Amino acid sequence: MKQMEKTSAPVSKPLHDLLFILWAGGAALLSYSLVYALRKPFTAASFEGMEILGMDYKVVVTIIQIFGYVISKFVELNSFRN
């Protein structure tokens, strides 16, 4: 008995790599665009005269955002250890 031959040609390795690069690049671009869209109103708004603990409001909000990011990295690190 003859074995059935495949009718479709296998996807070549360079084509597969190119598709992955395009997919990953598109995902990165989309992520950046969405984050930029969320940050734009923050930078466009006016916070004149607003202070918290003697510091400018935008500085306090930025510090809190960075602190939250650092905490999320520690939580993520602990989830990998368990």
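In what order do the elements of the chain run from the N terminus on? They go α-β-β-α, adding up to two helices and two strands. Keep in mind that this is a predicted model, where local features need pLDDT of at least 70, side-chain atom pairs count only at pLDDT 80 or more, and totals for chains, interfaces and linings use all residues. Residues are numbered from 1 along each chain as its sequence is written, and side-chain values use heavy atoms, with hydrogens and water left out.

**Whole chain**
- Helices (H or I, at least four residues) and strands (E, at least two) are DSSP runs, numbered from the N terminus.
- Of the 82 residues in the chain, 4% are buried, meaning under 20% relative accessible area; exposed is over 50%, and partly exposed is in between (1.4 Å probe, protein chains only).
- The chain exposes about 8,000 Å² (Shrake-Rupley method, 1.4 Å probe), and 69% of that comes from carbon and sulfur atoms.

**Leu53**
- Leu53 sits in the loop between strand E1 (51–52) and strand E2 (55–56).
- Its phi is positive, about 55°, even though Leu53 is not a glycine.
- Most residues other than glycine have a negative phi.
- Leu53 counts as exposed, at 82% relative accessibility.

**Nonpolar surface patch**
- Ile66, Tyr69, Val70, Phe74 and Leu77 make up a nonpolar patch on the surface, with about 510 Å² of accessible area together.
- Val70 belongs to helix H2 (residues 57–81), and is partly exposed at 36% relative accessible area.

Key: Patch = residues over 30% accessible without salt bridge, like charges linked within 9 Å, V, L, I, M, F, W, Y side chains within 5 Å. Salt bridge = Lys/Arg side-chain N within 4 Å of Asp/Glu carboxyl O.
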